[in-house]
Amino acid sequence: MAEIVIRNLRKEFGSFVAVRESSFTIGDGEFFMLLGPSGCGKTTTLRMIAGLELPTAGDILLDGENVAQVPASRRDIAFVFQMFALYPHMNVRQNLAYPLKNQGMARADIRRRVDEVARILGIVSILDSGVGRLSGGDRQRVALGRAIVREPKAFLMDEPLGALDAEFREHMAEELRALHNRMNATTVYVTHDQLEAMQMGDKIVVMNHGVVEQFGTPQEIYDHPATMFVADFIGSPPMNFLRFTGTFERGATSVHLSGVDIAVPELRQEAAGREIALGVRPEHVRLSDGGAYRGCVDATEYLGTTQIVTLQCDNGTVKARIPASQHAIIGETVGLEFSTATLSLFDAGSGRALVTAANEGAFRG
Ligand code: ATP
């Protein structure tokens, strides 16, 4: 299997820049997610790794060898296309054997390899079935098997679960992850679904308008978003932003919001006269009668064990995730308390996180 290093990768289509100077490393054996909204350049990045699209500039190192300008057929990477694309006139065994036959492998070796992959995927019992009569799940397993038999250096998948209904999607996601844990194959997976990325990925790259916003583990990205875009894109409901203008010295440990001092992680940079956004995740807001920073309850949304309470505050709207058993009455004014260590601060102009004692060292390049 392989490590894939992406260095200053750029792709232009005419005057349009689809991917801008992207850099990140996909570790050997990692399940790696390319995440972002539609049109952000995920598929273009994946296609460049596959060799289906040549970069305008930059490097793609596959186990140390620069393959940026090497044709797809010589990269030894399997692109798991649309998972349902099987040869309809062949049975499962023939579908699985096809890529090996193409390589000119001996019949006995093909048989051994196909049997082994069928065992890994749990499809031994359907090896002689025609693909036309298979369930959706089995079709996906066969399509995956066709990529696995080649024993490539890495697998690339573009929204492979996108067409499935929610329940089946969850099941296939678990299966894919379990399969990865058994095989430990480097996998690059494109999705626009932040939950899928968080659940399945060892590492995530978050892209926006062709730019890598952040690269890290799901927890690093959730706890320490590098930008307001990431903070907003990850999490449901997303991070709240309380906006104000302030000047802070390096070493400051509180911010002043509507006459109230709020403790924050120690600032490790200064911020002079800028519009600042104080970022707080809904689950890190507590509602109390006594809290000095106040907000008016606007709406409540019951979710079983928790509820989402929407509050209007001087510095913006705040959603709080609190226990369902706690009373929140629409129209009442209550205090909001924030867990200091979990707070983020952003330069609202650039959207970038300010460096604090909590996030220092959390962002990877
Ligand atoms: P989606 O989830 O919608 O596929 P994506 O993040 O995968 O989004 P890409 O498919 O990489 O996005 O596309 C990025 C941008 O590049 C889009 O604006 C798209 O229209 C543009 N683009 C992609 N391929 C081409 C092409 N061959 N010629 C011109 N523009 C292209």
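## Pairing and the first hairpin

Two strands count as paired if DSSP finds at least two bridges between them. With that in hand, look at the start of this predicted model: strand E1, residues 4-13, is joined to E2 by 7 bridges, and the two run antiparallel. One bridge to pick out on screen goes from Ile6 to Phe24, its partner in E2.

What sits between E1 and E2? Just 2 residues separate them, giving a hairpin. Gly14 is in that turn, and its phi is positive, at about 60°.

## The chain as a whole

Zooming out, the chain has 365 residues, and 51% of them are buried. Its secondary structure adds up to 8 helices and 20 strands. The C-alpha trace stretches over about 80 × 45 × 35 Å along its principal axes.

How much of the contact list links residues 24 or more positions apart? Taking the contacts with a separation of 6 or more, such pairs make up 66%. As for the surface, the chain exposes about 16,600 Å², with 48% of that coming from carbon and sulfur atoms.

## Who surrounds the ligand

Now for the ligand. Phe13, Phe16 and Ala18 are part of its shell, and so is a run of residues made up of Pro37, Ser38, Gly39, Cys40, Gly41, Lys42, Thr43 and Thr44. By type, the shell splits into 5 nonpolar residues, 5 polar ones and 1 charged.

The hairpin comes back into view here: Phe13 belongs to the shell, and residue 13 is where E1 ends.

## Polar contacts to the ligand

Which residues place a polar atom by a ligand oxygen? Thr44 does it through its side chain, with a polar atom 2.5 Å from an oxygen atom of the ligand. Gly39 uses its backbone instead, where an N or O atom lies 2.7 Å from a ligand oxygen. Lys42 also joins in, with an N or O atom of its side chain 3.0 Å from an oxygen atom of the ligand.

Taken on its own, the ligand has 630 Å² of accessible area, and the protein covers 57% of that. Two elements give two or more residues to the shell: strand E2 (16-26) and helix H1 (42-50). H1 is the top contributor, with 3 residues.

## Pulling it together

So E2 turns up twice in this picture: as the antiparallel partner of E1, and as one of the elements giving two or more residues to the ligand shell.

Key: Residues numbered from 1 in each chain as written. Predicted model: local features only at pLDDT ≥ 70, side-chain atom pairs only at ≥ 80, totals over all residues. Heavy atoms only, no water. Near = heavy atom within 4 Å. Polar contact = N/O pair within 3.5 Å; in protein donor to acceptor, adjacent residues only side chain to side chain. Areas by Shrake-Rupley, 256 points an atom, 1.4 Å probe, with all protein chains shown as cover. Helix = DSSP H or I, 4+ residues; strand = E, 2+ residues; numbered from the N terminus. Nonpolar A, V, L, I, M, F, W, Y, C, P; charged D, E, K, R; others polar. Buried < 20%, exposed > 50% of the residue type's maximum accessible area, 1.4 Å probe, protein only. Contact = heavy atoms within 4.5 Å.
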